[in-house]
Amino acid sequence: MFQPDQYELIDFGDGEKLERFGDHIVRRQSPSVLQHATDKRGWKWDLQFARQPQPSWSPGLPDGSTWSIKHSNKRFLLKQAPSGQVGVFPEQADNWDWINSHREHLRGMKAINLFAYTGGTTMQLADCGVEVTHVDSAKPVVRWARHNAEVSDLSGNNIRWIVEDAVTYLRREAKRNNQYQIVIADPPSFGRGPKGAVWKIQRDLRELFKLFRAVADDLQMMIVSCHTPEVSASDLKRLAIDNVSIDRHAGEAIGLQLKNRHEKTLDSGQCFRWSAL
């Protein structure tokens with residue numbers, strides 16, 4: 001996980017969460033905490049993102065301003081994105097630690113990382129000696145991920161950067177018979193590719209798993225996570241069993257979680273991960 005001086009979940013409740021990313025305390029709205037109540041009278045923050053009356057940050061850093069945090073040797077440049085994100089999903093750190101626990105077996109393998117965002121998983125795999133294809137449909141986000149790899153001294157570690165719709169790219173890789181031993185995906189509920197392709201998780205998730213099988217005849221590791229309430233970790237596991245020929249008794253269907261210093265737990269997504277190593 002992140003060291004406490006790099007990231008801390010301070011508190012959450014009533015539709016908002018309060019987090020410290022390095023030098024800045026950030027207050028943001030978050031649908032995942034609607035079911036929790038808390039006393040926010042003592043909250044203090046440096047930056048706040050609100051969606052009403054229109055999405056905006058306050059007080060707001062100067063345009064182009066960034067700051068950074070690190071996880072192990074991976075550095076993330078953070079900024080106030082118009083979406084309310086800052087450039088890292090801290091709950092994914094558990095998966096990075098899990099990948100690192102297998103590092104002695106990973107060198108020389110090929111991985112594809114889909115919906116790869118700002119590159120935390122890509123950098124972790126590259127640091128373990130894996131040749132990684134990083135795929136995201138948003139060109140500015142891929143540029144952001146490349147910058148993270150550069151400042152982490154990992155940009156030369158066999159990373160291919162692809163701006164493309166994930167399903168479109170996987171179909172093309174299947175036709176080419178390009179094969180990977182590791183498949184990673186963190187699909188959103190809804191997304192739009194650079195050429196207009198539309199992703200809807202409840203419609204397209206099954207095809208994604210079928211394409212995994214087409215590009216991974218010798219699959220050695222899989223991590224699929226999501227943040228869609230209608231899709232559970234058990235659903236992800238079932239799709240893997242049905243479409244990728246994974247033994248029904250193998251792998252972990254887990255909830256991604258964050259905890260504050262008082263052991264108050266925030267559910268932050270669903271995940272299925274599996275390794276043959």
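Among contacts in the chain (heavy atoms within 4.5 Å) between residues at least 6 apart in sequence, 59% join residues at least 24 apart. What is on screen is a predicted model, in which local features need pLDDT of at least 70 and side-chain atom pairs count only at pLDDT 80 or more, while totals for chains, interfaces and linings use all residues. Residues are numbered from 1 along each chain as its sequence is written, and side-chain values use heavy atoms, with hydrogens and water left out.

**The whole chain**

Begin with the chain in cartoon view, where there are seven helices and 16 strands; helices (H or I, at least four residues) and strands (E, at least two) are DSSP runs, numbered from the N terminus. The radius of gyration is 18 Å, close to the 19 Å that the globule rule gives for 277 residues, so the chain is as compact as a globular protein of that length; this radius is taken over C-alpha atoms, and the rule is 2.2 Å times the number of residues to the power 0.38. Along its principal axes, the C-alpha trace spans about 55 × 40 × 35 Å. Of the 277 residues, 53% are buried, where buried means under 20% relative accessible area, exposed over 50%, and partly exposed in between (1.4 Å probe, protein chains only).

**Strands 1 to 3**

Next, select residues 16-21, which form strand 2; six of the six residues are buried, so this strand is largely enclosed by the rest of the structure. In a regular strand the side chains alternate between the two faces of the sheet. In strand 2 both faces are covered, with Glu16, Leu18 and Arg20 buried on one side and Lys17, Glu19 and Phe21 buried on the other.

Add strand 1 (residues 7-13), which runs antiparallel to strand 2 and is joined to it by six bridges; two strands pair if DSSP finds at least two bridges between them. Here Asp11 stands opposite Leu18, and in the hairpin, which has two residues between the strands, Asp14 takes a positive phi near 55°.

Then add strand 3 (residues 24-29), also joined to strand 2 by six bridges in an antiparallel arrangement. The bridge partner of Lys17 in strand 3 is Arg28, and in the hairpin of strand 2 and strand 3, again with two residues between the strands, Gly22 has a positive phi near 60°.

**Two cis peptide bonds**

Move on to Pro53, in the loop between strand 4 (47-50) and strand 5 (56-58), where a cis peptide bond with omega of about 0° joins Gln52 and Pro53. Pro59 lies in the loop between strand 5 and strand 6 (67-71), and the peptide bond from Ser58 to Pro59 is likewise cis, with omega near -5°.

**From strand 8 to helix 3**

Now select Phe115, in the loop between strand 8 (110-114) and helix 3. Phe115 has a positive phi of about 55° although it is not a glycine, and it is buried, with a relative accessible area of 15%. Tyr117 is in the loop between strand 8 and helix 3 as well; its phi is near 55°, a positive value in a residue other than glycine, and at 18% relative accessibility Tyr117 counts as buried.

Finish with helix 3 (residues 120-127), which is mostly covered, seven of its eight residues being buried. The buried residues are Gly120, Thr121, Thr122, Met123, Gln124, Leu125 and Ala126. Just after helix 3, Gly129 takes a positive phi of about 85°.
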